[in-house]
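Hi,

Here is the structure I promised to pass on. Have a look at it first, and then read my notes below.

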Amino acid sequence: GSRLLQAGAYETSAGASFIPLPNEVYWSPVIGANDVGDLERQPINFRVSCDHPINGLSDPCLGVNYAFGERAYTALVATQETGEGAFSRHTESMAIGSIRHQAIVMAEDEYGRPAVYFLSHRGPYRVGAVGLQYVGEDIEDLWSTVNLSANIVAHGIYYADLHQIWWWVARN
């Protein structure tokens, strides 16, 4: 949409009236709602709490943004509201999440539909038109060598011309 989504808490405070929390997603007002500085103001009630700390957000996929934790993810579904209730929260999993935000990649599935791909502690997954799917059967031997305790475990990109997602991973 025409708003800025933010998540987690890098800072401990953004002022006396707004304290960011590691499990919350925040959003700005819709551009043009105030005619001035919409992306620079953060109403304290434009937020939703997730059931897990957040380490990454996806791009919108079929009208849904996903807030990922290390071993959980939540669907943030846009509503018709423009302010405080602009997103509803639906916890999708408390077992599978993304190992870090750089491992979340927006791409397409085999039918050309939008999908969010991510690396979990168990390997690669995607979420899209048919829900959550494990997509790592053919690389399980390689995934067993990934160093999940490395400082930088993984990052990825979508190579659209080849219909491929390329992830760089730290290995043991």
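**A buried arginine and two cores**

The backbone oxygen of Ser-28 sits 3.1 Å from a polar atom of the Arg-3 side chain. That same side chain also reaches the backbone oxygen of Thr-82, at 3.3 Å. Before I go on, keep in mind that this is a predicted model.

So where does Arg-3 belong in the chain? You'll find Arg-3 in the segment before β1 (5–7). Arg-3 is buried but has no salt bridge: the nearest side chain of opposite charge is Glu-81, 9.2 Å away. If you skip residues up to four places away in sequence, Arg-3 touches Trp-27, Ser-28, Pro-29, Val-30, Glu-81, Thr-82, Ala-86 and Phe-87.

Now for the nonpolar cores. The largest has twelve residues, including Cys-61, Tyr-66, Phe-68, Ile-96, Ile-104 and Tyr-125. At least two residues of this core come from each of β5 (64–69), β6 (72–78), β9 (114–120) and β10 (123–128), and β5 gives the most, with three.

Phe-68 is worth clicking on. Neighbours within four places in sequence aside, Phe-68 is in contact with a list of residues that includes His-52, Pro-53, Asn-55, Gly-97 and Ser-98, along with Tyr-73, Ile-104, Val-116 and Phe-118, which are listed in the largest core too. Ile-54 is another of the Phe-68 contacts.

Apart from that core lies another one, made of ten residues, among them Val-48, Cys-50, Ile-54 and Phe-87. You've met Phe-87 already, as one of the residues that Arg-3 touches.

Cheers

Technical notes: Residues are numbered from 1 along each chain as its sequence is written. This is a predicted model: local features need pLDDT of at least 70, side-chain atom pairs count only at pLDDT 80 or more; totals for chains, interfaces and linings use all residues. Side-chain values use heavy atoms; hydrogens and water are left out. Helices (H or I, at least four residues) and strands (E, at least two) are DSSP runs, numbered from the N terminus. Buried means under 20% relative accessible area, exposed over 50%, partly exposed in between (1.4 Å probe, protein chains only). Lys and Arg count as positive and Asp and Glu as negative; His and the chain ends are not counted. A salt bridge is a side-chain nitrogen of Lys or Arg within 4 Å of a carboxyl oxygen of Asp or Glu. A polar contact is a pair of N or O atoms within 3.5 Å; within protein, one must be able to donate a hydrogen and the other to accept it, and residues adjacent in sequence count only if both atoms are side-chain atoms. Contact means heavy atoms within 4.5 Å. A nonpolar core is a set of buried Ala, Val, Leu, Ile, Met, Phe, Trp, Tyr and Cys residues joined through side-chain atoms within 4.5 Å.
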